[in-house]
Amino acid sequence: MATSKKDIRALSKEQLREFFEKQGDKAFRGNQVYEWLWHKAAQRFEDMTNLSKETRDMLEAHFVINHIKVDAMQRSNDGTVKNAVRLHDGLIVESVLIPTATRTTACVSSQVGCSLDCKFCATARLKRMRNLNPDEIYDQVVTINNESKLYFNRPLSNIVFMGMGEPLMNYNNVMKAIEKITASEGLGMSPKRITVSTSGVPKMIKKMADDDVKFNLAVSLHSAIDEVRTSIMPFNEHFPLEDLREALEYWYAKTKRKISYEYVVWKGINDSQKDIDALVKFCKYVPSKVNIIEYNPIDDGDFKQANNDALENYIQCLEKNRIVVNVRRSRGKDIDAACGQLANKS
Ligand code: SAH
């Protein structure tokens with residue numbers, strides 16, 4: 001329910017300390033509340049049991065905690081869990097828990113809908129309504145961490161920003177969320193276990209490099225030929241491959257971290273030798289590896305997964321050129337939880 005009270009998690013620790021001082025209390029209370037809000041992920045003031053009833057009531061009178069709510073949860077027959085998450089203003093995003101034998105990965109959303117227009121992605125059909133706040137991103141991770149413990153007896157091990165939205169078009173909030181996820185005062189997760197996936201916004205890739213971020217970068221490439229890429233990812237017209245290449249070179253020079261290219265091979269779109277040669281060439285600009293991902297159909301006849309020969313050809317050519325290539329099987333397809341299928345269908 002929308003309310004005019006301010007969301008307390010918009011306040012920094014310093015601002016919380018100042019708030020308590022202004023109330024004539026000790027600044028230290030601010031630290032206690034901060035710990036409840038982030039490290040302990042409290043959803044209600046009444047849960048903050050080391051504060052007096054009076055203090056809790058006072059907080060209640062001034063603030064709200066806009067914690068996300070899981071509206072619906074679906075479990076796939078491969079163990080994948082998809083949450084439809086309701087935000088304080090009633091909008092919905094989806095996040096996914098992907099278990100494997102050795103890890104549990106959270107796939108989180110960064111925006112409600114998406115402003116990009118990738119022709120093969122279900123989320124692109126939803127209008128971009130708004131950016132998620134840092135706490136809304138954080139809450140998705142907390143929720144999946146709890147589900148991981150509950151269903152798989154282990155905490156979350158990895159996070160990928162591959163849910164709804166383009167994380168680099170909500171840069172500040174994504175960075176703030178990652179700051180909290182990695183801080184010892186938050187979830188204390190290693191940034192090495194976090195991957196931000198982008199369709200490739202050159203200016204923001206350079207900004208990330210300048211900001212000396214410690215997480216991994218994945219780029220949804222899908223084609224290394226401008227004409228082809230623009231036909232399936234129209235924004236490529238404004239951010240052509242030459243600019244992307246330059247930004248990735250800048251990223252590598254600064255961070256010395258390898259880039260992952262996400263790549264789907266479609267029949268008749270990017271399954272020819274010319275497409276493969278272009279990818280091999282592109283991969284040589286910057287140390288990188290290729291993740292070939294399975295196409296997850298979104299009721300669009302124009303896009304069909306390429307046949308196995310084409311995939312094999314890609315793999316052989318990449319390997320011959322000493323480029324690391326992984327083939328990723330899709331997870332959670334039966335519940336529309338796989339890459340590019342998040343569209344608030346339920
Ligand atoms: N906007 C970001 C993150 C969200 S998309 C990005 O573009 O990277 C997450 C990944 O799913 C991207 O690699 C995207 O290209 C891929 N994807 C989108 N639709 C897909 C589909 N129908 N099948 C398989 N992968 C898809």
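## Sheet and helix packing in a predicted model

In this predicted model, strands β4 and β5 are paired in the antiparallel sense over six bridges. The two strands make up a hairpin with five residues between them, and in the turn Gly90 has a positive phi of about 95°. Within this pairing, Lys82 has Val96 of β5 as its bridge partner. β5 is mostly covered, with seven of its eight residues buried.

On to the next pairing: β5 and β6 run antiparallel and are joined by four bridges. They too form a hairpin, here with four residues between the strands. Leu97 has Ala106 in β6 as its bridge partner.

These strands belong to an open sheet of ten strands with mixed pairing, in the order β3-β4-β5-β6-β9-β10-β11-β12-β13-β14. At its edges lie β3 (69-75) and β14 (324-328), each of which pairs on one side only. On average, and with direction ignored, neighbouring strands of the sheet are turned by 20° against each other. Further along the order, β9 (residues 158-161) pairs with β10 in the parallel sense over three bridges. Phe161 stands opposite Val196 of β10.

The strand pairings described above are set out below.

| Strands | Sense | Bridges | Residue pair |
|---|---|---|---|
| β4 and β5 | antiparallel | six | Lys82 and Val96 |
| β5 and β6 | antiparallel | four | Leu97 and Ala106 |
| β9 and β10 | parallel | three | Phe161 and Val196 |

Two helices on the sheet come next. Helix α4 (residues 134-152) lies across β3, β4 (81-86), β5 (92-99), β6 (104-107) and β9, and runs at about 40° to β5. Helix α9 (residues 273-283) also packs on the sheet, where it touches β12 (259-263) and β13 (288-293). The direction of α9 makes about 165° with that of β12.

Helix α6 spans residues 202-210, and its buried residues are Pro202, Met204, Ile205, Met208 and Ala209. These residues lie on the same side of α6 because they cover an arc of only 165° around the axis. Their cover includes two helices, α5 (171-182) and α8 (241-255), together with strands β10 (194-198) and β11 (216-220).

The contact of α6 with α8 can be described residue by residue. The axes of the two helices come within 8 Å and cross at roughly 5°. The helices α6 and α8 are therefore roughly parallel to each other. From α6, the residues in contact are Pro202, Ile205, Lys206, Met208, Ala209 and Asp210. They meet Asp243, Leu244, Glu246, Ala247, Leu248, Tyr250, Trp251, Lys254 and Thr255 in α8. By type, the residues of this contact divide into nine nonpolar, one polar and five charged. Among those from α6, Pro202, Ile205, Met208 and Ala209 are also buried.

Each of these two helices is followed by a loop that holds a residue with positive phi. Asp212 comes just after α6, in the loop between α6 and β11. Although Asp212 is not a glycine, its phi is positive, at about 55°. Asp212 is partly exposed, with a relative accessible area of 43%. Lys256 lies in the loop between α8 and β12, and its phi is near 60°, again a positive value in a residue other than glycine. With a relative accessible area of 54%, Lys256 is exposed. Most residues other than glycine have a negative phi.

Elsewhere in the chain, helix α2 (residues 28-37) has Gly30, Gln32, Val33, Tyr34, Trp36 and Leu37 as its buried residues. Those residues pack against three helices: α1 (13-22), α3 (53-62) and α5. Helix α5 is also part of the cover over the buried residues of α6.

A last site is Cys118, in the loop between β7 (111-112) and β8 (130-131). Cys118 counts as buried because its relative accessibility is 12%, under the 20% limit. Leaving aside residues up to four places away in sequence, Cys118 touches Ala124, Ile232, Met233 and Phe235. Ser190 is 72 residues from Cys118 along the chain, and the C-alpha atoms of the two are separated by 31 Å.

Terms used
Residues are numbered from 1 along each chain as its sequence is written. This is a predicted model: local features need pLDDT of at least 70, side-chain atom pairs count only at pLDDT 80 or more; totals for chains, interfaces and linings use all residues. Side-chain values use heavy atoms; hydrogens and water are left out. Buried means under 20% relative accessible area, exposed over 50%, partly exposed in between (1.4 Å probe, protein chains only). The arc is that of the directions from the helix axis to the C-beta atoms. Contact means heavy atoms within 4.5 Å. Two strands pair if DSSP finds at least two bridges between them. Axes are lines fitted to C-alpha atoms, for helices over the stretch in contact, and angles run from 0 to 180 degrees between N-to-C directions. Angles under 35 degrees count as roughly parallel, over 145 as roughly antiparallel, 65 to 115 as roughly perpendicular and the rest as oblique. Ala, Val, Leu, Ile, Met, Phe, Trp, Tyr, Cys and Pro count as nonpolar, Asp, Glu, Lys and Arg as charged, and the others, Gly among them, as polar.
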